[in-house]
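Please open the structure in your viewer and keep the sequence panel visible. The tour below proceeds by selection: each stop names what to select and then describes what is found there.

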Amino acid sequence: MISLLDEFIGKMDKAALYQNFDYYGEIYHYTALKNIEPILLNAQNQIVLWASQFDCLNDISEGTIVEQRYHEVCKSLWNDGTISRKFFDLLEHITPSRNESFYLSKGKTIRAYRGEYATYIASFSKNNDLLPMWNYYSKGDMFEGINLGLDVETISSNFGQSFADGKVKVSISPVIYDPDEQKKVIRNFLLEIVRNYEERFDCCVRALVSMRLTSWKMLFKQACFCHEQEVRIIVDVADKYRDILPVKYRTNSGYIIPYVEIKIDKSALRSVTLGPFRGTESQIKLQKSTLFQMLTSNQYFAKINVSNVPVRY
């Protein structure tokens, strides 16, 4: 017999329920030039990226925007008469869940596990030549940044359902910055909830909304960060199985930041872009040649670019 939650989900339109935010194509990881060695030239013979614990990222409002937008949408639906006061009361106090569902595999057997978890994020951009991003890696009047262009489909193939026997979930999604777009996503979802609602589904509504808020809180950010055009690799690790991806620690600007390593096949690297460079044409040519030699000698085959940003200092 199917559960009441499964019955409720089965009634809903899947497009409104899941609103797929998966991203495809090439994404660009901006980093300091000195990080080429640990990322590309490590002893593990893979691309190794650091995914930082989400509540230790540079945005202090990280993970909080979704609840603000959610309450704005709930009030709007009540004010315009789309939902009753009783239904508004049902929705009003729902918060993101502290639990996540994992589908654990052992041989041909798959079982559902739901429990607390930790989230880690590796940040990328949709654009490989953004001055605001290069500015993160400037020292004085010099730019010391580089970005690595990685193929999303190759990354995704590393992290299928069989990865870590399902104890770790990996998704790749673009960030949503526009408040109106954030509210539209939530509103469409809630309207689908309303369309299929029956009083016997009260507990299902609370569970389903809580789960969706949990997913969105990693994708909604303040509009002031929109210049980053961010795409995220989001890594969820079940607390019960934390040892699958050992937590390591780094420091930045006086903060201690937990992180996990994401290991990706070398074939994912499609391009490398050097930051704004004020040298002569011959110096630029030499840098590109040196980078090409470094990459090919380590079995990387990627297009090499130099930023076109015409900045002097």
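Begin with two tyrosines. Select Y113 and Y241: Y113 is buried, and Y241 is buried as well. The model in view is a predicted one.

**Stop 1: aromatic rings**

Keep Y113 and Y241 selected and display their side chains. How many aromatic pairs does the structure hold? There are nine aromatic pairs in the structure. A pair of aromatic rings is described by the distance of the centres and the angle of the planes. For Y113 and Y241, the ring centres are 5.8 Å apart and the planes stand at 75°, so this pair is edge-to-face. An angle over 60 degrees is what places a pair in that class. Next, colour strand β4 (residues 109-125), which contains Y113, and the loop between β9 (230-238) and β10 (248-252), which contains Y241. The two parts are 128 residues apart in sequence, so the pair ties them together.

Now select F189, W216 and F220. Ring pairs link these three residues into a cluster.

**Stop 2: helix α9**

W216 also belongs to the next selection, for it is among the buried residues of α9. Select residues 202-216, which form helix α9. This helix has 15 residues and reaches 21 Å from its first C-alpha to its last, close to the 21 Å expected at 1.5 Å a residue. Which residues of α9 are buried? They are C204, V205, L208, V209, S210, R212, L213, T214 and W216.

**Stop 3: the nonpolar cores**

Select L40, I47, I155, V235, I262, I264 and L269. Within the largest nonpolar core, which has 40 residues, these touch the most other members. Then centre the view on I47. Leaving aside residues up to four places away in sequence, I47 touches I39, L40, L150, I262, K263, I264, D265, K266, A268, L269 and Y300. Another core, of 36 residues, lies apart from the largest one; V66, I193, F201 and I234 are among its residues.

**Stop 4: lysines over rings**

Two of the residues touched by I47, namely K266 and Y300, deserve a separate selection. K266 lies over the face of Y300, at 4.9 Å from the ring centre. For another arrangement of this kind, select K169 and F102. Here K169 lies over the face of F102, at 5.7 Å from the ring centre.

**Stop 5: salt bridges**

Side chains of opposite charge can pair when their charged atoms come close. The structure holds 18 salt bridges.

Select E7 and R200. These two form a salt bridge whose closest N and O atoms are 2.5 Å apart. E7 lies in helix α1 (residues 4-11) and R200 in the loop between α8 (179-195) and α9, so the pair ties together parts that are 193 residues apart in sequence. E7 counts as partly exposed, at 27% relative accessibility, and R200 is also partly exposed, with a relative accessible area of 40%.

Move to R69 and E72, both in helix α4 (residues 65-79). Three residues, about one turn of the helix, separate them. In their salt bridge the closest N and O atoms are 3.5 Å apart. Is R69 buried or exposed? With a relative accessible area of 8%, R69 is buried, because buried means under 20%. E72 is partly exposed, with a relative accessible area of 30%.

Next, select R85 and D89 in helix α5 (residues 85-92), where they are four residues apart, about one turn of the helix. Their salt bridge has its closest N and O atoms 2.9 Å apart. R85 is partly exposed, with a relative accessible area of 41%, and D89 counts as partly exposed at 37% relative accessibility. Then select E62, K221, E228, E230 and R232, which salt bridges with shared partners join into one network.

**Stop 6: two positive phi angles**

Finally, inspect the backbone at S253, in the loop between β10 and β11 (255-264). Phi of S253 is near 50°, a positive value in a residue other than glycine. At 68% relative accessibility, S253 counts as exposed.

The last selection is Q299, in the loop between α10 (281-296) and β13 (303-306). Phi of Q299 is near 60°, again a positive value in a residue other than glycine. Q299 is partly exposed, with a relative accessible area of 47%.

Notes: Residues numbered from 1 in each chain as written. Predicted model: local features only at pLDDT ≥ 70, side-chain atom pairs only at ≥ 80, totals over all residues. Heavy atoms only, no water. Expected span 1.5 Å × (residues − 1). Buried < 20%, exposed > 50% of the residue type's maximum accessible area, 1.4 Å probe, protein only. Core = buried A, V, L, I, M, F, W, Y, C linked by side-chain atoms within 4.5 Å. Contact = heavy atoms within 4.5 Å. Phe/Tyr/Trp six-rings, centres within 6.5 Å; stacked < 30°, edge-to-face > 60°. Lys NZ or Arg CZ within 6 Å of the ring centre and 35° of its normal. Salt bridge = Lys/Arg side-chain N within 4 Å of Asp/Glu carboxyl O.
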